[in-house]
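This report takes one protein chain from its overall fold down to single residues. Please keep the sequence and the structure in view while reading.

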Amino acid sequence: MNKEEAIRKLVEEDGFFKHNNYEIVEATEEKCILKANITNNSLNPYGIVHGGLIFGLGDTVMGMVASSDGRPAVTQNSTINYLKPATTEYIIAKGEMIKRGKTTAYIQTKIYDANEKLIAVMDANYFYIG
């Protein structure tokens with residue numbers, strides 16, 4: 001099994017991944033792209049995509065990037081800036097490795113709505129546990 005297949009297997013079998021209607025668009029060692037299909041259960045009381053779902057998508061895609069070299073990694077810290085509400089049928093997170101070290105990795109992601117409007121920006125440090 002190559003690294004891309006290992007990443008896919010790890011996340012696609014995860015209950016959180018399935019529960020939130022995530023789909024892998026692309027998964028490589030330096031970049032991963034995830035899509036979240038939006039349902040009524042994805043919305044907050046105001047009819048926009050819930051911030052927790054957006055955060056979860058970003059954290060998941062960055063975790064995939066961190067673990068893409070075969071080492072298990074967990075979130076050490078993370079920051080999100082919400083820029084625009086999302087009301088489209090899906091959102092996309094594009095995670096990219098900025099710096100991979102021996103024990104930590106620094107990753108950034110940008111999250112877009114279906115109209116390719118930037119809705120949030122995240123960055124995080126991940127700690128390698130293996």
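## Burial and surface

A residue counts as buried when its relative accessible area is under 20%, and as exposed when that area is over 50%. By this cut-off, 40% of the 130 residues of the chain are buried. The model is predicted.

The accessible surface of the chain comes to about 7,100 Å². Carbon and sulfur atoms hold 50% of that surface. Charge is spread over 14 positive and 16 negative side chains. The centres of these two sets lie 4 Å apart.

## Fold and dimensions

The chain has 3 helices and 6 strands. Their order along the sequence is α-α-β-β-α-β-β-β-β. The radius of gyration is 14 Å, close to the 14 Å that the globule rule gives for 130 residues, so the chain is as compact as a globular protein of that length.

Along its principal axes, the C-alpha trace spans about 45 × 25 × 20 Å. Contacts reach across the sequence. Among those with a separation of 6 or more, 61% join residues 24 or more positions apart.

## Helix α2 and helix α3

F17 sits in helix α2, which covers residues 15-19. Is F17 buried or exposed? F17 is buried, because its relative accessibility is 4%, and the cut-off for burial is under 20%. In sequence, F17 and L57 are 40 residues apart. Their C-alpha atoms are separated by 8.6 Å.

G63 belongs to helix α3. G63 is buried too, with a relative accessible area of 16%. G63 and I24 are 39 residues apart along the chain. Between their C-alpha atoms the separation is 13 Å.

## The end of helix α3

Helix α3 covers residues 51-67, and S67 lies in it. S67 has a relative accessible area of 14%, so S67 counts as buried.

Which residues does S67 contact, leaving aside neighbours within four places in sequence? They are P72 and A73. With A73 there is also a polar approach: a polar atom of the S67 side chain lies 3.5 Å from the backbone nitrogen of A73.

## M122 in strand β6

M122 is placed in strand β6. Its relative accessibility is 1%, so M122 counts as buried. M122 and I107 are 15 residues apart in sequence. From C-alpha to C-alpha, these two are 8.4 Å apart in space.

Residues up to four places away in sequence are not counted in the contacts of M122. The residues touched by M122 include I54, F55, G58, D59 and M62. These contacts also include S78, T79 and I80. I107, Q108, T109 and I111 are touched by M122 as well. F55, G58, D59 and M62 fall within the range 51-67 given for helix α3. I107, Q108, T109 and I111 fall within the range 104-113 given for β5.

## Strand β5 and the loop to β6

D113 is found in strand β5. D113 is buried, because its relative accessible area is 4%. Its side chain reaches the backbone nitrogen of N115 at 2.8 Å. Not counting residues up to four places away in sequence, D113 touches K84, A86, T88, Y90, I91 and I119.

E116 follows in the loop between β5 (104-113) and β6 (118-128). What is the phi of E116? The angle is positive, about 65 degrees, although E116 is not a glycine. E116 has a relative accessibility of 68%, so E116 counts as exposed. By contrast, D113 is buried in strand β5.

Conventions
Residues are numbered from 1 along each chain as its sequence is written. This is a predicted model: local features need pLDDT of at least 70, side-chain atom pairs count only at pLDDT 80 or more; totals for chains, interfaces and linings use all residues. Side-chain values use heavy atoms; hydrogens and water are left out. Helices (H or I, at least four residues) and strands (E, at least two) are DSSP runs, numbered from the N terminus. The radius of gyration is taken over C-alpha atoms; the globule rule is 2.2 Å times the number of residues to the power 0.38. Buried means under 20% relative accessible area, exposed over 50%, partly exposed in between (1.4 Å probe, protein chains only). Contact means heavy atoms within 4.5 Å. Accessible areas come from the Shrake-Rupley method with a 1.4 Å probe; for residues, only the protein chains shown count as cover. Lys and Arg count as positive and Asp and Glu as negative; His and the chain ends are not counted. The place of a charge is taken as NZ of Lys, CZ of Arg, CG of Asp or CD of Glu. A polar contact is a pair of N or O atoms within 3.5 Å; within protein, one must be able to donate a hydrogen and the other to accept it, and residues adjacent in sequence count only if both atoms are side-chain atoms.
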